[in-house]
Structure formats: C-alpha cells, structure tokens
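I sat down with this model to look up how its strands pair and where its nonpolar residues gather. My notes follow in the order in which I checked things.

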Amino acid sequence: MLLKATFTATMFAAAAAALFAVSATGAANAQSATEIQLSYKDKKFDPAEITAPANTPIVIKLKNLDAKAMEFESKPLKIEKVVAGSSDATINVRAQKPGRYEFVDEYNEKVAKGTLVVK
Ligand SMILES: [Cu+2]
C-alpha cells in the first residue's frame with residue numbers, strides 16, 4: 001500500500017510539471033506574437049498581401065481610414081470583426097501552419113480582398 005501511494009504521488013507531481021510546462025509555453029508564444037500593420041482605404045487593403053511566420057500568434061493592427069464601417073472577415077482563419085469608420089482595431093490570429101489565407105471586407109467582398117501568407 002505504501003509503495004502504491006508513493007507511486008501515485010510521483011505521477012501527480014509529473015502531471016503537475018507537465019501542466020506547468022504547457023502554460024509556460026503558452027506564455028512564451030504570447031510574447032513572440034508577430035505584429036502586422038494593415039490599413040484600409042477606398043475599399044482596398046494596404047498592403048494587399050501581408051506575411052507572417054508559421055506557428056506564431058499574429059496580431060493585425062488594422063486602421064480603417066474610410067469614413068464607413070468595414071468588416072474584416074476571413075473564412076479560413078475563422079475571423080469576423082466589424083471596424084467602425086475612421087478607427088483602429090486589433091485582430092488576434094492564432095498561430096497558423098504555412099499557407100495562404102484570404103480575407104475580405106465583407107461589405108465590399110468583390111473588390112476588397114487581401115491575403116495573409118504564412119511561411
Ligand atoms: Cu461577416
């Protein structure tokens with residue numbers, strides 16, 4: 001019985017250490033987020049293509065320079081955010097695998113397109 005109790009305590013300690021390691025990694029990721037400046041004017045994203053490293057959280061600082069509201073939307077990134085006219089927004093993007101991720105202003109999606117390239 002004593003041996004079993006010791007074993008269980010050791011397992012518990014190992015599990016606690018593993019949990020701590022996971023949260024420590026999470027904190028490190030949050031610190032290394034890539035920040036990208038993006039503006040929106042005359043129904044165009046500038047730049048139309050933005051680039052970020054793979055497997056790192058991304059923060060898009062979006063400036064809507066148009067007087068009207070727009071809606072930043074990306075189906076592949078599962079993001080939707082309404083940005084009022086003449087205002088800024090912060091868009092948090094989870095770490096992504098390499099690839100091309102399209103986004104649009106949903107209110108003008110035929111013309112207002114951009115791409116996030118992750119590599
Ligand atoms: Cu939408």
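I began with β5 (70-74) and strand β6 (residues 79-83), which pair in the antiparallel sense over five bridges. Here two strands count as paired if DSSP finds at least two bridges between them, and strands (E, at least two residues) are DSSP runs numbered from the N terminus. Within this pair I found glutamate 73 standing opposite glutamate 80 in β6. The hairpin has four residues between its strands, and lysine 78 takes a positive phi near 55° there.

I noted the provenance before going further: this is a predicted model, in which local features need pLDDT of at least 70 and side-chain atom pairs count only at pLDDT 80 or more, while totals for chains, interfaces and linings use all residues. Residues are numbered from 1 along each chain as its sequence is written.

Which sheet holds the hairpin strands β5 and β6? I traced an open sheet of five strands in the order β3-β9-β8-β5-β6, with mixed pairing. Its edge strands are β3 and β6, each of which pairs on one side only. The twist averages 20° from one strand to the next, taken between axes that are lines fitted to C-alpha atoms, with angles running from 0 to 180 degrees between N-to-C directions. In this sheet order β8 stands beside β9, and I recorded that β8 and β9 pair in the antiparallel sense over six bridges, with tyrosine 101 opposite leucine 116 in β9.

I then turned to the other sheet, where four strands form an open arrangement in the order β2-β1-β4-β7, again with mixed pairing. The edge strands are β2 (44-46) and β7 (87-93), and neighbouring strands are turned by 25° against each other on average, direction ignored. Strand β1 (residues 34-41) and strand β4 (residues 58-64) pair in the parallel sense over seven bridges, and leucine 38 stands opposite leucine 62 in β4.

Where does leucine 38 have its contacts (C-beta atoms, placed from the backbone, within 7 Å)? Leaving aside its neighbours within four places in sequence, I listed Phe45, Ile50, Ile60, Lys61 and Leu62.

Last, I looked up the largest nonpolar core, meaning a set of buried Ala, Val, Leu, Ile, Met, Phe, Trp, Tyr and Cys residues joined through C-beta atoms within 7 Å, where buried requires 20 or more other C-beta atoms within 10 Å of the residue's own. This core has 16 residues, and those with the most contacts inside it are Leu38, Ala52, Ile60, Leu62 and Leu116. The elements giving two or more residues are β1, β3 (49-52), β4, β5, β8 (99-105) and β9 (113-118), and the largest share, three residues, comes from β4.

Key
A residue is buried if 20 or more other C-beta atoms lie within 10 Å of its own, exposed if 12 or fewer, and partly exposed in between; C-beta atoms are placed from the backbone. Two residues are in contact if their C-beta atoms, placed from the backbone, lie within 7 Å.
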